[in-house]
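Please walk through this structure with me, element by element. Keep the sequence and the coordinates open as you read.

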Amino acid sequence: MLYTTLSKELGDLSLPSLRRAFGPSYEHRPLTGGPRDGGVLLMAPHELSPVKRQEALDAAKWSWVHLTSAGADFVDLGSWPADTLLTRSWRCYAAPLTEYSLHAVLSHEWRRRAPWEEVDTRTDPCGDTPPVPAAGSTGGGVGLWGADIGIAGWGAVGQRLAAAFEALGASVTVLRCRPENPPGSRIVQTSDIDRVLDVDHLILALPLTPGTTRLFGRSALSRARPGLHLVNLSRADILDQDAVTELCAEGRLFATLDVTDPEPLPAGHPLRGLPTVRLSPHVAWRSRGSDIAFIDDFSAIWQALEHPGSVVPGVVPPTQDIRARAAVRGALTTGKA
């Protein structure tokens, strides 16, 4: 048995997949069903206000809390109990976020005119006329082949992004704390923020932590390559939003923002009126079936917990205390979960 904060609609939608993952005896209950200490909580933090979120966390002494979100910034990690395991849906949104990023980058590349909107200036075919004469090419094509792509973050999302853009012929540079550059890899890793700012497109795929808050502030953004297209599908507070607004107003930056502060932006916010900015309503994670994609990650963690000694994915630092994992395994064994 599992306690959840899922809405009725999402709970009904996810039930068949959860039963396939855990068997026909699987049962989940809302918090109104009387949670027990030592139980497991599956929480959808995006669906709850901060007050309701905290009420759910305080409803019992949980042995394990799993977030349906990729980020864990909804909880106070500094005061998180060491004997409660906290996990997140660490990889299930990587593909949809990559789809969104590809769409954002290609839309920017083709912002003046899409290929199918090109005016055909070729003459009517006759005799031995080539279908695409060399004189008809200006050499100024757009697209990803040969473009410089920067990616901030090397989690499941960053790795999927890098693979996709590299496969399409872009030069990819990744920002991460501890860069590794194995022989033969064409993806360059760096800890130098200026290197990922000297690109055509920069995609932010970092978790929000004290170390990443305002990482891309006014000083850093002012050093970016002129005309940089910035894509933020992570958290708004990783950016200095005021600086982004000013630089986009000056035409020095372009931005595609799926996240803002606040959400949604007020009707008269300056970002809404800038032609250099595109806004989407926090939907970068969406694709076919993505509403219940978290089940794959949740079940993978559950299965790892059932096998002592296995690596448990999705654990959020600093909640890596061995006591927390032992408590969860005990709950799974005794049926409290």
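A polar contact here is a pair of N or O atoms within 3.5 Å; within protein, one must be able to donate a hydrogen and the other to accept it. The model is predicted.

Start with Thr212. It sits in the loop between strand S9 (201–204) and helix H6 (218–222). The side chain of Thr212 reaches the backbone oxygen of Pro207 at 2.7 Å, which fits within the 3.5 Å cut-off. Is Thr212 buried or exposed? Its relative accessibility is 10%, so Thr212 counts as buried, the limit being under 20%. Leaving aside residues up to four places away in sequence, Thr212 touches Leu206, Pro207, Asp237 and Ile238.

Arg214 is in that loop too, between S9 and H6. Arg214 is partly exposed, with a relative accessible area of 48%. Its phi is positive, about 55 degrees, although Arg214 is not a glycine. Most residues other than glycine have a negative phi, and most peptide bonds are trans.

Now step back to S9 itself. In a regular strand the side chains alternate between the two faces of the sheet. S9 is covered on both faces. His201 and Ile203 are buried on one side, Leu202 and Leu204 on the other. Strand S6 (residues 148–152) pairs with S9 in the parallel sense, over 4 bridges. Ala152 stands opposite Leu204 there. S9 also runs parallel to S10, joined by 4 bridges. In S10, Val231 is the bridge partner of Ile203.

S10 leads on to helix H7 (residues 241–249). The buried residues of H7 pack against H6, strand S10 (228–232), strand S11 (253–257) and strand S12 (277–279). Those buried residues are Gln241, Ala243, Val244, Thr245, Leu247 and Cys248. Asp240 caps the N-terminal end of H7, with a side-chain oxygen 3.2 Å from the backbone nitrogen of Asp242. Just after H7, Gly251 takes a positive phi of about 80 degrees.

Two residues of H7, Gln241 and Val244, also help line the largest cavity. The other lining residues are Asn232, Ala236, Leu239, Leu257, Val259 and Leu271. How many cavities of 30 Å³ or more does a search of the whole structure find? The search finds 1. The largest cavity holds about 50 Å³ of space.

Next, look at the loop between S11 and S12. Both Pro262 and Pro264 lie there. The peptide bond from Asp261 to Pro262 is cis, with omega near 0 degrees. The bond from Glu263 to Pro264 is cis as well, with omega near -10 degrees.

Past S12, the loop to H8 holds His282. His282 has a positive phi of about 55 degrees, although it is not a glycine.

Helix H8 (residues 294–305) allows a check on geometry. At 1.5 Å a residue, its 12 residues should span 16 Å, and the end C-alpha atoms are 17 Å apart, which agrees. How many residues of H8 are buried? The count is 9 of the 12, so H8 is largely enclosed by the rest of the structure. Among them are Phe294, Phe298, Ile301, Trp302 and Leu305. Asp297 and Ser299 are buried too.

Finish at Ser63, in the loop between helix H2 (50–58) and strand S4 (64–67). With 5% relative accessibility, Ser63 counts as buried. The side chain of Ser63 reaches the backbone oxygen of Gly38 at 2.9 Å.

Note on methods
Residues numbered from 1 in each chain as written. Predicted model: local features only at pLDDT ≥ 70, side-chain atom pairs only at ≥ 80, totals over all residues. Heavy atoms only, no water. Buried < 20%, exposed > 50% of the residue type's maximum accessible area, 1.4 Å probe, protein only. Contact = heavy atoms within 4.5 Å. Expected span 1.5 Å × (residues − 1). Pairing = 2+ DSSP bridges. 1 Å grid on protein atoms, 1.4 Å probe; cavity = no way out; pocket = protein on both sides within 12 Å on 5 of 7 lines; lining within 4 Å. Points joined across faces, edges and corners; volume = space filled by probe spheres on them.
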